[in-house]
Amino acid sequence: MSKTKLVPSQDGPLSDVEQIKIESNYLRGTLAETIAAPLTAGIPDEDNRLMKFHGSYMQDDRDVRNERQKQKLEPAYQFMVRVRAPGGVITSKQYISMHNIAQKYGNGTLRLTTRQAIQIHGILKWNMKKSIRKINDSLLDTFAACGDVNRNVMCNPNPYQSDVHGEVYEWSKRISEHLTPRTHAYHEIWLDGEKVASDTQSDKETEPIYGPVYLPRKFKIGVAVPPSNDVDVFSQDLGFIAILQDEQLQGFNVVAGGGMGMTHGDTNTYPQLGRIIGFCLPNQVIDVAEKIVTIQRDYGNRSVRKNARFKYTIDARGVEWLTDELNERLGWELQPARSVEFEHNGDRYGWVKGTNKKWNFTLFIENGRIKDRDNYKLMTGLLEIAKIHKGDFRLTPNQNLLIGNIEGKDKAQVEELIKKYGLTDGKQYSALRRNAMACVALPTCGLAMAESERYLPSLLDKIEEILEEAGLREEEIVIRMSGCPNGCSRAALGEIGFIGKAPGKYNFYLGAGFSGNRLNKLYRENIGENEILEELKPIIHHYAKERVERERFGDFVIRAGYVKPVHSGLDFHD
Ligand code: SRM
Ligand code: SF4
């Protein structure tokens, strides 16, 4: 019997978001009107909730929030749009469009996300329709990039096994397409599609998978190709692990019920690892994804939003319940899971030749932010590459960018531009920095309790000094920082993890598995930079001196007794 957890009952009244969804007429609400309303740069809260399904969040610039309040001005409202790219694959032309939209309507930067999507921040309400239309003109879209539906489906961008990767990627795209909501609201609001009257709604439009109230909470799917676990398959609501034999795709192990978010001080919330529940053939994968989504639709908690993710649905009932329910809905049974090993959950940088003989270059993009700085013209450099590049770009699950499928004859030209703009595979940095991720946090994220993207690089400068002293500059250690316990950088899977508590203060975690198969554990609470460095320094030196051969940092801190291992989120707070 698997362990279960009593989570707050779902028999209470529906949460406010459920009410908004019910009344929204398939995600319309009054969005069309409030986006057009000229008197305020913002939109009302109910529409902002619906806006997420359309791939956008209203935010305000938190750097100027207090000053504007003093001046009795409304917050500096602006919108972030998230552009979905299943498996992170986009063409050069699409990349150029994103660049242009960010320059013209956004804050002039692009943000590669931890789920292989692109975010453009700082778009004013008056420019939202134009921006979304341009995104759609480029054959990308923002629909279902956020909201209580299935999000961007992640997939390993592995250039080594091009053929198998291509096949797995195609399945990921099909899962994504199959689970995309069917409402016409997006087209109607943003692309001036034909209006659907609410009284004839049911005749014209249905959501065969989601139903009219969609899911109780966001839902995330990732597909891993071993030995790389770059998609952090155990952090996904639903994961698929490609099983390969003699370079042929046999099928997928199915992983259910992962998630990273929690709330400080609430032990009913916790990060959780997905559990491997069986194996399916390639052509069964869409059926499995659909049925799992419907189980979450029917059993997820619609009363307490904090406990509405799939991990809680499973933990309240047990894994056996899930497999029984799934097998029943499928009408056939999952096969026993195949054995599989992961080696790492990071990206592999630099040049690599695929089995299709084409070249790929993975660029190190610190924390996913593409912008021009005085001495590093990353944004301009990438634009110039996109102008001549005939292959594709792949956004990696670790916020980096792979310039993919370069013909041998074109390699020198790309190489020249990489050199000209000083773009890098990160080899001049420590292995720690190459394995680091920070979420966006301030100034755009409304939920940030502490800095993350803007702070981690300077903290790393100091940790790197300790690593140099200890002779560990080239030791790969996974470090992740999130500005709040939502864990958007998948911080609970960092061998070293920091989660924001208050400005300048972080909870400090240790001991996740290097390949993303074990959670970390709280080591010190609410500490600032000096204490972080004081705490970390002796541990790093201890590791340098006493690690056994090939022992990973996350494994060492457990063996040395700094923290207990956490193999299930149900033990995260023990
Ligand atoms: Fe996230 C909410 C940014 C990946 C867990 N996340 C947010 C919001 C939208 C804040 C908000 O709700 O107002 C952040 C916008 C910040 C900004 O200014 O851009 C935000 N999340 C991000 C991104 C951009 C972080 C990044 O640095 O790349 C990632 C976008 C992914 C994408 O392309 O879809 C991002 N978020 C994640 C991940 C990692 C993942 O999915 O692999 C997680 C942890 C995995 C999980 O979902 O369990 C994650 N984000 C959350 C949560 C907590 C959800 C929970 O139920 O536990 C929230 C808050 C919420 O949903 O209420 C959140
Ligand atoms: Fe914002 Fe928190 Fe996510 Fe960071 S972890 S982007 S602070 S919601």
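Colleague: Let me get the words right: strands are DSSP runs (E, at least two residues) and helices are DSSP runs (H or I, at least four), numbered from the N terminus. With that in hand, where is Cys-488 found?

Modeller: Cys-488 sits in the loop between strand 19 (479-482) and strand 20 (496-502). Do keep in mind that this is a predicted model.

Colleague: Got it. What does the iron atom of ligand 1 have as a donor from the protein?

Modeller: Cys-488 again: the iron has a single donor from the protein, the SG atom of that residue, 2.3 Å away. Cys-488 is also one of the closest residues to ligand 1, along with Thr-113, Gln-119, Thr-444 and Arg-490.

Colleague: How many residues surround ligand 1 altogether?

Modeller: There are 29 of them. By class they come out as ten nonpolar, eleven polar and eight charged residues. Strand 1 (56-60), strand 2 (77-83) and strand 5 (118-123) each supply at least two residues of that shell.

Colleague: Which atoms come up to the oxygen atoms of ligand 1?

Modeller: Let me give you three contacts. A polar side-chain atom of Thr-113 lies 2.6 Å from an oxygen atom of ligand 1. From the side chain of Gln-399, an N or O atom is 3.4 Å from a ligand oxygen. Gly-261 takes part through its backbone, with an N or O atom 3.5 Å from an oxygen atom of ligand 1.

Colleague: Nice. What surrounds ligand 2?

Modeller: Among its surrounding residues are Cys-439, Cys-445, Cys-484 and Cys-488, and also Val-440, Leu-447 and Asn-486. So Cys-488 turns up here as well as at the iron atom of ligand 1; the word "so" there is just me tying up what the model shows, since a residue counts as near a molecule if one of its heavy atoms lies within 4 Å of it.

Colleague: And how does the shell of ligand 2 divide by class?

Modeller: Eight residues are nonpolar, four are polar, and no charged ones appear.

Colleague: Back to strand 19 and strand 20. How do they run, parallel or antiparallel?

Modeller: They run parallel, joined by four bridges. In one of those pairings, Met-481 has Phe-498 of strand 20 as its bridge partner. Helix 17 (residues 529-546) packs on the sheet and touches strand 20, strand 21 (505-510) and strand 22, and its direction makes about 145 degrees with that of strand 22.

Colleague: What is the strand order in that sheet?

Modeller: The order is 18-19-20-21-22, an open sheet of five strands with mixed pairing. Strand 18 and strand 22 (521-527) are the edges, each pairing on one side only.

Colleague: Remind me, what holds strands of a sheet together?

Modeller: Strands of a sheet pair through backbone hydrogen bonds, either parallel or antiparallel.

Colleague: Where could I see an antiparallel pair?

Modeller: Look at strand 11 (residues 350-353) and strand 12 (residues 359-363), which run antiparallel with four bridges between them. Lys-353 is partnered with Trp-359 there. The hairpin has five residues between the strands, and Lys-357 takes a positive phi near 70 degrees.

Colleague: Why is a positive phi worth pointing out?

Modeller: Because most residues other than glycine have a negative phi, and most peptide bonds are trans.

Colleague: Which peptide bonds are cis, then?

Modeller: Here are two. The bond from Pro-226 to Pro-227 is cis, with omega near 10 degrees, and Pro-227 lies in the loop between strand 7 and strand 8. The bond from Leu-442 to Pro-443 is cis too, with omega near 10 degrees; Pro-443 lies in the loop between strand 18 (436-438) and helix 16 (456-470).

Colleague: What else is in the loop between strand 7 and strand 8?

Modeller: Asp-232 is found there, and it has a positive phi of about 50 degrees although it is not a glycine. The two strands beside that loop run parallel and are joined by four bridges, with Gly-222 opposite Gly-239 in strand 8.

How values were computed:
Residues numbered from 1 in each chain as written. Chains lettered and ligands numbered in written order. Predicted model: local features only at pLDDT ≥ 70, side-chain atom pairs only at ≥ 80, totals over all residues. Heavy atoms only, no water. Pairing = 2+ DSSP bridges. Polar contact = N/O pair within 3.5 Å; in protein donor to acceptor, adjacent residues only side chain to side chain. Nonpolar A, V, L, I, M, F, W, Y, C, P; charged D, E, K, R; others polar. Donors = N, O, S within 2.8 Å, 3.2 Å for Na, K, Ca; no water. Contact = heavy atoms within 4.5 Å. Axes fitted to C-alpha atoms, helices over the stretch in contact; angles between N-to-C directions.
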